[in-house]
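Me: Hi! I've just opened this one and don't know my way around yet. Could you walk me through it?

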Amino acid sequence: MNTSKLTLTHAKYLIIQQKMIGDVLTSSILCEAIKKKNPNAEVHFLVNQHTIPVIENHPYIDKMVVFTKEVEKSTAKFFQFLQQIKKEHYDVVIDVYSKPASTLIGKFSGAALKIGYQKWYTKLAYNELYTYKAKAETHAGLAIENRMHLLQSLDKSYAKELKPKIYLTEAEIASAKKILQQENLADKDLLMIGVLGSSEEKSYPLPYLAKVLDTIVKTTDAGLLFNYIPKQLTTVQKLVNLCEPETQKRIHLSIYGKSLRDFMALTSLCKAFIGNEGGAVNMAKALNVPTFSIFAPFTKRAAWALYENASNVSVHLEDYQPETYGKLSLKEIRKDASNYYQSFKAEYFLEKLKNYLKEVL
């Protein structure tokens, strides 16, 4: 394919990013970057069904292509899905996911220009391949920069970074405000607490998180909202019981996002998001809500410490036990994640948290 600017102006693009919410939100920057440079281009975004809420109402996505659980689990339905992709006649495929299944999608698309990351199997399907950068050049972080780097095959003038955005409606924000008004919290400083990570091994130990919440209550007048879903209530209640009585009074468990969009609307009205690093932190940043994130000991901070500044702060065991990271790889640390989390005591960063609270409240 001739990748001149003139040809790409009216091209039909497919961006592939399956799986996690944070990844999908972050990859949506490619849709924005392409549409801003080529307003007449058609941009489709292939994502897993459960991630759709973070890209609803996105003005730079012309069509969402949904990869359902049924397609994922059935060879026959996956083959039908590939046929549908082929019928779209895409000119350009950008496979951010670059896993075997997504590479098959890219290959079957028939696109003249297929871009992905360097893997042994992507070499068989794609004609433009990139390796992951090891060091960030901007404060955006590697997760942003590695994605934007994929656009260099289209046009060398694309920026190195672009911040993801979430587009809430006025009705969604008004509904969240009404919930707070009903609980007499509309005029109160509120903090959204990320009590659990995306998995148990990515969740800060509850006794330590309780100390974090006690510190917040001792040093601020803020009320605490929890990011959780009803099936997690037993675990959440354990956390509440570990907190001091005064802290428990400030926790408003009855207010929570009954859907992902509800959660985002409530978060948009908070002074900050504090808690486990993950998709919820990425959502808060995309809503321009300050964040204080606690990284899992095995998570690569350089990749996901996005847009860090005085309002977006993170802590990582590596800050306090650098010798461990000099000896072991992140994979090795992950094998013993629980023990490394246990050594990541809240006392390490409570002073940093107090200074952060002064900044955002």
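Me: Let's start with the open sheet of five strands. What order do the strands come in?
Reply: Happy to help! This is a predicted model, and in it the five strands run β8-β7-β9-β10-β11. The pairing is parallel, and the sheet is open.

Me: Which strands stand at the edges?
Reply: Those are β8 (223-226) and β11 (312-315). Each has a single partner strand, so one side of each is left without a neighbour in the sheet.

Me: And by how many degrees are neighbouring strands of this sheet turned against each other?
Reply: On average by 20°, with direction ignored.

Me: Can you zoom in on one pair? How many bridges join β7 and β9?
Reply: Four bridges, in the parallel sense. Strand β7 covers residues 190-194 and strand β9 covers residues 272-276. If you'd like a spot to click on, I193 has I274 in β9 as its bridge partner.

Me: Which helix packs on that sheet?
Reply: Helix α18, residues 350-360, packs there. The strands that α18 touches are β7, β9, β10 (291-294) and β11. The direction of α18 makes about 155° with that of β9.

Me: Okay, on to the open sheet with six strands. What's the order there?
Reply: From one side to the other, the strands go β3-β2-β1-β4-β5-β6, with parallel pairing. At the edges are β3 (63-67) and β6 (128-130), each pairing on one side only. The twist from one strand to the next averages 15°.

Me: How many bridges are there between β5 and β6?
Reply: Three, again in the parallel sense, with β5 spanning residues 113-117. Here you can look for Y117, which stands opposite Y130 in β6.

Me: Which strands does helix α4 touch?
Reply: Helix α4 (residues 75-87) packs on this sheet and touches β1 (12-16), β2 (42-48) and β3. Its direction makes about 160° with that of β3.

Me: I clicked on H44. Is that residue buried or exposed?
Reply: H44 is buried, with a relative accessible area of 1%. You'll find H44 in strand β2.

Me: What does the H44 side chain make a polar contact with?
Reply: With the side chain of E42, at 2.7 Å. Leaving out residues up to four places away in sequence, H44 also touches a list of residues that includes K12, Y13, L14, I15, K63 and E88.

Me: You mentioned K63 and E88. How do their side chains meet?
Reply: In a salt bridge, at 2.8 Å from N to O. E88 lies in the loop between α4 and β4 (92-95), while K63 is in strand β3, so the pair ties together parts that are 25 residues apart in sequence. K63 is partly exposed, with a relative accessible area of 37%.

Me: How many salt bridges are in the whole structure?
Reply: A search of the whole structure finds 18. Another one joins the side chains of K133 and E145, at 2.7 Å from N to O. K133 sits in the loop between β6 and α6 (142-149) and E145 in helix α6, so this pair ties together parts that are 12 residues apart in sequence. Both K133 and E145 are buried.

Me: What about E246, which residue does it form a salt bridge with?
Reply: With K249, and the closest N and O atoms are 3.6 Å apart. Both lie in helix α10 (residues 245-250), three residues apart, which is about one turn of the helix. E246 counts as partly exposed at 41% relative accessibility, and K249 counts as exposed at 61%.

Me: Which residues are joined into one network by salt bridges that share partners?
Reply: K133, E137, E145 and K160.

Me: Last topic, disulfides. What does the count come to?
Reply: Zero. A disulfide is a covalent bond between the sulfur atoms of two cysteines. For C243, the nearest cysteine sulfur is that of C270, 17 Å away. The cut-off is 2.5 Å.

Me: Are those two cysteines buried or exposed?
Reply: C243 counts as buried at 5% relative accessibility, and C270 counts as buried at 8%.

Key
Residues are numbered from 1 along each chain as its sequence is written. This is a predicted model: local features need pLDDT of at least 70, side-chain atom pairs count only at pLDDT 80 or more; totals for chains, interfaces and linings use all residues. Side-chain values use heavy atoms; hydrogens and water are left out. Two strands pair if DSSP finds at least two bridges between them. Helices (H or I, at least four residues) and strands (E, at least two) are DSSP runs, numbered from the N terminus. Axes are lines fitted to C-alpha atoms, for helices over the stretch in contact, and angles run from 0 to 180 degrees between N-to-C directions. Contact means heavy atoms within 4.5 Å. Buried means under 20% relative accessible area, exposed over 50%, partly exposed in between (1.4 Å probe, protein chains only). A polar contact is a pair of N or O atoms within 3.5 Å; within protein, one must be able to donate a hydrogen and the other to accept it, and residues adjacent in sequence count only if both atoms are side-chain atoms. A salt bridge is a side-chain nitrogen of Lys or Arg within 4 Å of a carboxyl oxygen of Asp or Glu.
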